[in-house]
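Here is a short tour of one protein chain, written with a modeller's eye. Have the viewer open and follow along as the stops come up.

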Amino acid sequence: MNKTNSLITGAALLAAVCLPAALPACTGISFAAADGTQIQARTIEWGGYDLNSKLVVLPRRMGNVSYTPQGKNGLAWNNKYGAVGASTVMEEFVTEGVNEKGLNAGIFYFPHYGSLAPYNPRKAKKSVSDGELVRWMLTNFATVDEVLNGLKKIEIIPIGEPGPDGISNTGHWRIADASGRSVVLEITNKGERRVYENKVGILTNSPDYPWQETNLNNYVNLHAGAAQTQDVNGVRLFPFGAGSALLGLPGDVTPPSRFVRAFFWLHSAPAAPDAYSGITQAFHILNNFDIPIGSEFAAGEKIPNLPSATQWTSAADLTHPAFYYRTMYNSQIRKVDLTKIDFDTVTYTVRPLDEVTREPMEELTF
């Protein structure tokens, strides 16, 4: 299969990151450490097969041309800023990353809601495929405002054929900068764009962001800690253990339930004092969204030979630009410090997230 055919065949995947054929289940959190460090973190889930993700380093002045359904004939640009991120399916499709100015962007699958306008060949030279939009943002802009202004000048297009309903599914995007501003870009109804301020610091998948935020009201009675002991008609009712005030917190892995859980785990966490503590806290919170591979398949279905449906988890420090990640094959957190990269001289680099696809273990002897 040549590169263009691979692109077209995998269009829904690389636009969405998490395919609906199994379980779309990406979860993102955003917060600030006590010292002001801005942190964005997220998971990537897909239980169908290995996403072949790569670590990508993008130098300044590197030339790019976006794909369209006709081939590689879309918008052309040269990188203004250097960036680092992780790709899925193809190296061009950077799914999550951060640039040297502290701009962060990522795409999350948005099934049944995300809907792009059909590709117009007459507008090819101003068209960016949805799978390449994160790369375009990271290499062109320093702030959320700059991204939003830049979006007015381009067409965001699908690559593959639309579904039987005529809709070209896509993702929605989380965009944040070093000031602490974080927004969600959603495209629905064949091209209608909406931007929402991400006030709660959470993003999952469908439904849309306003619905997810409103749905939190269904859990207004929940809070951290323990429920009050009560005496009812001489019967003493008491909590069995810690966390009883969260009884009723949804435990399934649907996007609405993950949104609610992520909200409570994030906003009940103590303030991390600094960047190091914030990054490690982000990974600990996202441990709760590491989905066992078997949960995505019904009885009798073949389960792929993957250790987890959560293929990788990443975090970005926007204040001291750095990209962190760990994978289903290696739980060690790895860091790329963008402040130590000379983006004028570094070469375009693409390499596997894991050199060895086997969890390392240390044996202790006595």
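## Turns, burial and a pocket

Asn233 sits in the loop between strand S15 (230-232) and strand S16 (235-237). Bear in mind that everything here is read from a predicted model. Asn233 has a positive phi, near 50 degrees, even though the residue is something other than glycine. With a relative accessible area of 81%, Asn233 is exposed, since the cut-off for that label is over 50%.

Arg61 tells a similar kind of story. Its place is the loop between strand S3 (54-58) and strand S4 (63-65). Phi of Arg61 is positive too, about 70 degrees, and again the residue is not a glycine. Its relative accessibility is 54%, so Arg61 counts as exposed. For background, most residues other than glycine have a negative phi, and most peptide bonds are trans.

That brings up the backbone's other oddity: the peptide bond from Ser206 to Pro207 is cis, with omega near 0 degrees. Pro207 belongs to the loop between S14 and H5. Asn205 lies in the loop between strand S14 (202-203) and helix H5 (209-215) as well. Is Asn205 buried or exposed? Its relative accessibility is 1%, so Asn205 counts as buried.

One more loop residue is worth a click. Phe240 lies between S16 and H6, in the loop there. Phe240 has a relative accessible area of 85%, so this one is exposed.

### The chain as a whole

Zooming out, the secondary structure of the protein chain adds up to seven helices and 20 strands. The radius of gyration is 21 Å, close to the 21 Å that the globule rule gives for 366 residues, so the chain is as compact as a globular protein of that length. Along the principal axes, the C-alpha atoms fill a box of roughly 80 × 55 × 45 Å.

Of the 366 residues, 54% are buried. The chain exposes about 16,700 Å², and carbon and sulfur atoms supply 52% of that area. As for the contact map, take contacts between residues at least 6 apart in sequence: 68% of them join residues at least 24 apart.

### Helices and their cover

Helix H3 (residues 133-140) is mostly covered, with eight of its eight residues buried. Among them are Leu133, Trp136 and Met137, along with Arg135 and Asn140.

Ile279 is found in helix H7 (residues 275-286). At 3% relative accessibility, Ile279 counts as buried, since the cut-off is under 20%. Which residues is Ile279 in contact with, leaving aside neighbours within four places in sequence? They are Ile39, Ala315, Ala316, Asp317 and Tyr324.

Arg261 is found in helix H6 (residues 255-268). Its relative accessible area is 8%, so this arginine is buried. Not counting residues up to four places away in sequence, Arg261 touches Leu249, Pro250, Gly251, Asp252, Asn288 and Phe289.

### Some distances to check

If you'd like a few pairs to verify in the viewer, these are C-alpha to C-alpha separations, set beside the spacing along the chain.

| Pair | Separation in sequence | C-alpha distance |
|---|---|---|
| Ile279 and Phe323 | 44 residues | 10.0 Å |
| Arg261 and Pro321 | 60 residues | 28 Å |
| Asn205 and Arg236 | 31 residues | 42 Å |
| Phe240 and Ser129 | 111 residues | 52 Å |

### The largest pocket

Last stop, the empty space. Rolling a probe the size of a water molecule over the atoms shows where empty space is left. The largest pocket holds about 190 Å³ of space. How many residues line the largest pocket? The lining has 13 residues, and Asp50, Ser53, Tyr329, Leu353 and Asp354 lie nearest the centre of the pocket. Sorted by class, the lining comes to five nonpolar, five polar and three charged residues.

Conventions:
Residues are numbered from 1 along each chain as its sequence is written. This is a predicted model: local features need pLDDT of at least 70, side-chain atom pairs count only at pLDDT 80 or more; totals for chains, interfaces and linings use all residues. Side-chain values use heavy atoms; hydrogens and water are left out. On a 1 Å grid over the protein atoms alone, a cavity is a set of points where a 1.4 Å probe fits but cannot get out, and a pocket is an open set with protein on both sides within 12 Å along at least five of seven lines; lining residues have an atom within 4 Å of a point. Grid points are joined across faces, edges and corners, and a volume is the space filled by probe spheres set on the points. Ala, Val, Leu, Ile, Met, Phe, Trp, Tyr, Cys and Pro count as nonpolar, Asp, Glu, Lys and Arg as charged, and the others, Gly among them, as polar. Helices (H or I, at least four residues) and strands (E, at least two) are DSSP runs, numbered from the N terminus. The radius of gyration is taken over C-alpha atoms; the globule rule is 2.2 Å times the number of residues to the power 0.38. Buried means under 20% relative accessible area, exposed over 50%, partly exposed in between (1.4 Å probe, protein chains only). Contact means heavy atoms within 4.5 Å. Accessible areas come from the Shrake-Rupley method with a 1.4 Å probe; for residues, only the protein chains shown count as cover.
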